[in-house]
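Here is an informal walk through one model, going from its helices to its rings and then to two loop residues. Keep the viewer open as you read.

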Amino acid sequence: QIYHAFLQQRWVEQHGYGLDSNGFLAVLERFDPQTYYQTHPRVPGAYDGDYVPFQLDGIQTTATINLATYLRQQHIPLLVVNLPLTTDYLDATRQGYEAEFRQHLAHLAQREEFVFQDLNQAELSLNDYFVDPSHLNWYGARAIAHHLATHAPISWPD
């Protein structure tokens, strides 16, 4: 938690808020491992504090169930999207956690009757779509939006 706050503060110091009227920050930088790791540490998944402790059942799962239940009662479809990550980020340790997470969400989606779409696929994991190993840039957000508009298993209103 503290490390995340530090990274967020560092991001703001480097890039400013720059949010548009919809609350988005359109970052055009593209992830290049050759230059990125000259100024940023490479942290293997085995040492990534974001996964300690790694548990899938907790307040976020409870919140997801509550949201799915409410939306189902209102006859509003819910689509949960798992965003892509770079292959640089997904080392063996993180791949294991990611597989557990996808399985958990797929099971939860079936049980709670919502749609789960996993976009962690090669054509959406290009380095050019990321500002760093795990955060989408403007180009990645655009590719995701296009993919969802053309391939999402939900009906979009006309």
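## Helix α3 and what comes after

Right after α3 comes H75, with a positive phi near 60°. Helices here are DSSP runs of H or I with at least four residues, strands are runs of E with at least two, and both are numbered from the N terminus. Before going further, note that this is a predicted model, in which local features need pLDDT of at least 70 and side-chain atom pairs count only at pLDDT 80 or more, while totals for chains, interfaces and linings use all residues. Residues are numbered from 1 along each chain as its sequence is written, and side-chain values use heavy atoms, with hydrogens and water left out.

Back to α3 itself. With 15 residues at 1.5 Å each, α3 should span 21 Å, and its end C-alpha atoms are indeed 21 Å apart; the expected span is 1.5 Å times one less than the number of residues. Its buried residues are T61, A68 and L71. Looking down the axis of α3, these fall within an arc of 95°, so they line one face of the helix. The arc is taken over the directions from the helix axis to the C-beta atoms. Buried means under 20% relative accessible area, exposed means over 50%, and partly exposed is in between (1.4 Å probe, protein chains only). On the other side of α3, I59 and Q73 are exposed. The cover over the buried residues of α3 includes α4, which is a good reason to go there next.

## Helix α4

Helix α4 takes in residues 92-112, and its 21 residues should span 30 Å at 1.5 Å a residue; the end C-alpha atoms are 30 Å apart, in agreement. Which residues of α4 are buried? They are R94, E98, H104, L105, L108, A109 and E112. Seen down the axis of α4, they fall within an arc of 135°, so they too line one face of the helix. An α-helix has 3.6 residues a turn, so residues three or four places apart point the same way. The face of α4 turned away from the buried side carries the exposed residues A92, Q103 and Q110.

What do the buried residues of α4 pack against? Their partners are α3 (59-73), β1 (79-82) and β2 (115-118), where a contact means heavy atoms within 4.5 Å. E113 follows α4, and its phi is positive, near 60°.

## Rings and charges

A search of the whole structure turns up 4 aromatic pairs. Rings of Phe, Tyr and Trp (its six-membered ring) pair if their centres lie within 6.5 Å; planes under 30 degrees apart count as stacked, over 60 as edge-to-face and the rest as tilted. Here are two of them.

| Pair | Centre distance | Plane angle | Type |
|---|---|---|---|
| F31 and Y36 | 5.3 Å | 75° | edge-to-face |
| W138 and Y139 | 5.1 Å | 90° | edge-to-face |

F31 counts as buried at 3% relative accessibility, and Y36 is buried with 18%. W138, at 37%, counts as partly exposed, and so does Y139 at 25%. Ring pairs also link F31, Y36 and Y37 into a cluster.

Two arginines join in. The charged end of R30 sits over the ring of Y139, 3.6 Å from its centre, and R42 lies over the face of Y37 at 3.8 Å from the ring centre. A charge sits over a ring if NZ of Lys or CZ of Arg is within 6 Å of the ring centre and within 35 degrees of the ring normal.

## Two buried loop residues

T86 has its place in the loop between β1 and α4, and it is buried, with a relative accessible area of 0%. Leaving out residues up to four places away in sequence, T86 touches F31, S125, N127, F130, D132 and P133.

L119 is found in the loop between β2 and β3 (130-132). Is L119 buried or exposed? L119 is buried, with a relative accessible area of 0%. Its C-alpha atom is 6.9 Å from that of V81, 38 residues apart along the chain. Again not counting residues up to four places away, L119 touches V81, N82, P84, L124, I144, H147 and L148.

## The whole chain

The chain has 5 helices and 4 strands, running α-α-α-β-α-β-β-β-α from the N terminus. Buried residues make up 27% of its 158 residues.
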